[in-house]
Each structure stands twice: as C-alpha cells, then as structure tokens.
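Trainee: Hi, I have a model open and would like to walk through it with you. Could you help me read it?
Mentor: Happy to, let's put it up.

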Amino acid sequence: MTLRIFVPRDAAARAVGADRVAEAIATEARRLDLAIELVRTGSRGLFWLEPMVELETQEGRVAFGPVAPADVPGLLALGPQAAKAHPLCLGRPDDIPFLKRQTRVTFARCGVIDPLSLADYRAHGGYRGLARALSLGPDATIEEVVRSGLRGRGGAGFPTGIKWRTVADTDAERRYIVCNADEGDSGTYADRMLMEGDPFGVIEGMTIAGFAVGAAKGFVYIRSEYPDAIRVMREAVDIARASGCLGAAADAAASGFAFDIEIRVGAGAYVCGEETSLLESLEGRRGQVRAKPPLPAHKGLFGRPTVINNLLTLACVPAILADGAERYAALGSGRSRGTMAIQLAGNVRHGGLFEAPFGLTLGEIVDEIGGGTANGRPVRAVQVGGPLGAYFPRALFDTPFDYEALAARDGLLGHGGIVVFDDRVDMARQARFALDFCALESCGKCTPCRIGSVRGTETMDRILRGERVAANLALIEDLCQTLKFGSLCALGSFTPYPVMSALRHFPEDFSHPRLVAAAD
Ligand SMILES: Cc1cc2nc3c(=O)[nH]c(=O)nc-3n(C[C@H](O)[C@H](O)[C@H](O)COP(=O)(O)O)c2cc1C
Ligand code: SF4
C-alpha cells in the first residue's frame, strides 16, 4: 500500500529545512523500496514544530516534529503504526493543544490539503461558497456578507459588506476587485500562509466579490518579499483558468459569470499596502498616497469603482457563503464578529498562527497560547497591530483582542500581529524605531509625516543621549499631536501609537539617569 506523507512547502517551514526533509524522505523511500506519495502542503502554523511531517495511518494523520533529515530513516523504518511511539510523535494534529484550542474557519484547509490540487480543494469544501452565492444572486450575496458582520482584516476594520454595497451601487461600466496581499506589518504572515497553503480559497473569495459587485477582473497585489507565495498564486490562477474556474471564457458553475485574476508584485514599500498608494503602484506609478475623497469604492483602479480588501478578508468569504452568515456572526465578541488569525511573533515560545473568535485576552494569547518568551525571561511588552500599533505592558494584558477593546486602550488590532518582547527591551529605542520607520517608509506627500518623522527621530536621539530629556519629551508629545491630526494617511497619523504608548506605559525607560547610564 502506498504511504502518504505530508511535508509543508510553506516558506517558514522551508526556512528551517522542510525541503531537505522532503528530499531525505524521497531518498530513504527509494532505498527501502517503499511506495510513498509525498504531498507538499501549506503549514498548520505551529512554527516551533516545523518542519512538521505527517504520516497517514489507519486512524488518520499523525504528526511528527520538528523533524530533521537525520530523523527520517528511523521514522520510515518504523512504519506509520509503530512510528507513533517515536519521540518526535505529536499525535493527531487536531489533538495538539495549540490546534485543539483553535476555531479554524479561514485556515481550515491550510496545512491539510495539497495547495495546488483543485480536486483536494473541492473535496474539503472548496467552491461551495461560490455555488451558494451564484444561487443567491449578487444582492443577497452582499447582504449575506453584511449580516456576517465581517470587517476588513487589513487594519481599519471597515464593514466588508458595506464596502461591497458601495461599489455595486456606483454607476460604472467596469468595476474591479483588488486583493491586498502587501502584508507589511511586523510579525504578520497570515496572508502569506494562505497564499501558500490555500490559494484557491483566495481565488474563490475574490470570485464571489466579483460576482457580488459586478466586476469581471481582479488583481492580487503581493509584496516582492514573498517569492513562494507569488509562485503558488500564479500556478493556482493558471490551474483555475485551465479548469474553467477563472478566465474570460470561464462560465463559473454554468452561471454565465466570468471572472479573471492577475497577479502583480510590489516593489518593496510599506506604504504600498495603503490602498490608494497600492492603486498608484498597480497603475504603474510611484506608490504615493492619494487624497480621499474620492474613495476607491467610487473611483479606484483606473478611475473605476473598486473593492480593495485585505487577502484575509476575502479568504473569509467562501466559508461565510458556504455555511451561512449566522454561523460566522455567532463567533466573536461585541462588534468584532467571526474569527481572527492571531499571529504570534518575536520572542515567544510558541510562535505561530492561532485562529480563534475575537475576545481572548492578551494575557491568554501571550502566556497560555504563546507560552511566554522563547528564552524563558519575563514578558515585558507586546506590540499589537504592526509597526503602527501600540505597546501593551503586562498591566493591560486583561485587554480583549477585538477592535473596540484595543481601541479603548489606545491600541489597534491591525492585521492581527502580536510581537512579544522580554524584560530587556528598551522602550525608548522602540519609540525611536517607530519614528525612524515612519521616516524611512513615508511616501513624502504630506509635511507632518515627511518632515515630522525625521525631526522626531533626531529628537529621540537627543533623548537617548540624555540631552534636555524633559524638554525633548515635551517636543515629542507635541510632534505626535501634529502627526496624529495633520497627516494625510495612517502611516503618519498612527506612528504616535507606538511612540506614545511606549512613553505612557514605560516612562522609566525615558528617565534621565537610566538613559545616561545606558549611554555610558
Ligand atoms: C501605511 C499603511 C499600510 C497598509 N498596509 C496594508 C497591508 O499591507 N495590507 C492590507 O490589507 N492593508 C493595509 N493597509 C490598509 C489598507 O489601506 C486598506 O484599508 C485595506 O487594504 C482595506 O481592506 P480591508 O477592508 O479588507 O481591511 C495599510 C494602510 C496603511 C495606512
Ligand atoms: S502620512 Fe506619510 S505616508 Fe501618508 S500621505 Fe503623508 S507622507 Fe505619505
């Protein structure tokens, strides 16, 4: 009998040797004359256990990790049943506590299926959402998304159904869908994992969006730093086209609705994740922010009404349509409905992707799920929501992870990234980093951000050198007010979040004697 073996081809797994493990498996199987089927999957998102290898047994799949090439002969010699006693055996993946505690809706197939097998995708519920959308019609599809309570996962949390309705209601002979896969936030990788692990889910989500608003063309804008995701998405689009799911001649489920997708690659600017500079970039110009109004929903790509959604937002849609808005809306807390792909990064023991309904507290996420720091030192701070997100001290770890609760404590959820720092972090340096990041990534369109971020970095340098600390801190606070209220886009107006939260929650790191001591 052929033994099925699953090894991730996700970039994170490859970075720690998954390809070498896959080669070792193929070599050893040849040596043993063992009939195997090696399936390269996405990752399940338990990065500290990668490369995580799974063997198919009579009772389903059993996981092993982290597997090194040297472990392979021993594992294969045992065979799938006896291998369950191997020290690297983790048991059934669904029983691993990190996975067991999750509610996987958007990531249900990631790490499970062969990402480039349309048959596998369909066998795991793929294209059920589109079939239901086609049976409901465009208006009812939008209504379903509205009722699900889905909000944009790109940062602002704008209600997705309302955005779609605006685009559908705007008079135009042509409309577009743009999938934002620029994923520039520090500590985030959910978009990448989905592109590499379940690309047809993204394609189906975009197709449903196209059907709902009357768009025949979509673009996926992927950051250049994601070569694996770019390759997988390109291949998936080709496969979808060849099978009639995409393309001008496609007639999705014989409905007469044709939709096509083009993959575009960014050139490495954080600000190109901002929707209007992304549009500039897509149109072939330098990525610079456009003034709003007009909103992209009214006048977006090539001047046409455009849905711009984060990749995760679009990937949530197939499950919402397939299983109904109520099922999705039943999850979550307050106005934050559904599940969120929490991404744990930085100095954390169990770094990885954890999909759960909104509402877990930061303490539960960092201490229980993340297991504290990787080096065992105390957790001192977490930054939530990317480089423009606030730092939270331990005292605020009772904050629920949802849009409103984080905002009520001057934070933001962003794209769901949480970066963990131990007790050696210097928050004055982190504050400087935020201003420097803004200076580096500023598109230059407005003065507070273009000039203010540079002056802010210089002022922070003076503070770090212990020069007129009180006066310079007052200057920083003043500058943050200017950035917050005077910037054209959130790059400038949100930079005060990390800076001010560092100052507010960790004032001891900005105190004069400490800084002078550090400078010595
Ligand atoms: C500086 C900056 C960078 C951004 N980067 C991203 C990004 O990488 N990915 C993303 O989806 N949204 C990003 N956004 C948010 C987008 O402008 C936009 O709100 C989002 O794509 C809308 O999709 P959603 O409604 O699904 O969230 C960024 C915003 C700003 C101000
Ligand atoms: S805030 Fe910065 S990135 Fe945004 S428009 Fe102004 S200069 Fe450009």
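Trainee: How many bridges join strand β6 to β7, and do they run parallel or antiparallel?
Mentor: Six bridges join β6 (residues 176-181) to β7, and the two run parallel. Strands here are DSSP runs of E, at least two residues, and helices are runs of H or I, at least four, numbered from the N terminus. Two strands pair if DSSP finds at least two bridges between them. Before we go on, this is a predicted model, where local features need pLDDT of at least 70, side-chain atom pairs count only at pLDDT 80 or more, and totals for chains, interfaces and linings use all residues. Residues are numbered from 1 along each chain as its sequence is written, chains are lettered from A and ligands numbered from 1 in the order written, and side-chain values use heavy atoms, without hydrogens and water.

Trainee: Thanks! Which residue in β7 stands opposite Tyr176?
Mentor: That is Lys217. β7 also pairs with strand β8 (residues 260-265), in the parallel sense over six bridges; there, Gly218 has Ile261 as its bridge partner.

Trainee: And how many of the six residues in β7 are buried?
Mentor: Five of them, so strand β7 (residues 217-222) is mostly covered. Buried means under 20% relative accessible area, exposed over 50%, and partly exposed in between (1.4 Å probe, protein chains only).

Trainee: Changing topic, how many disulfides are there?
Mentor: The count is zero, where a disulfide is a pair of cysteine sulfur atoms within 2.5 Å.

Trainee: Why does Cys179 have no bond?
Mentor: Because its closest cysteine sulfur, in Cys316, is 12 Å away, too far for a bond. Cys179 is buried, with a relative accessible area of 0%. For Cys110, the closest cysteine sulfur is also in Cys316, at 13 Å, again too far.

Trainee: What about backbone oddities: where is the cis peptide bond before Pro66?
Mentor: It runs from Gly65 to Pro66, with omega near -10°, and Pro66 lies in the loop between β4 (60-64) and α3 (72-82). Another cis bond joins Pro293 and Pro294, with omega about 5°.

Trainee: Why would one flag those, or a positive phi?
Mentor: Because most peptide bonds are trans, and most residues other than glycine have a negative phi. Asp33 has a positive phi, near 55°, and Tyr127 has one of about 70°.

Trainee: Is Asp33 buried or exposed?
Mentor: Asp33 is exposed, with a relative accessible area of 72%, whereas Tyr127 is buried at 9%.
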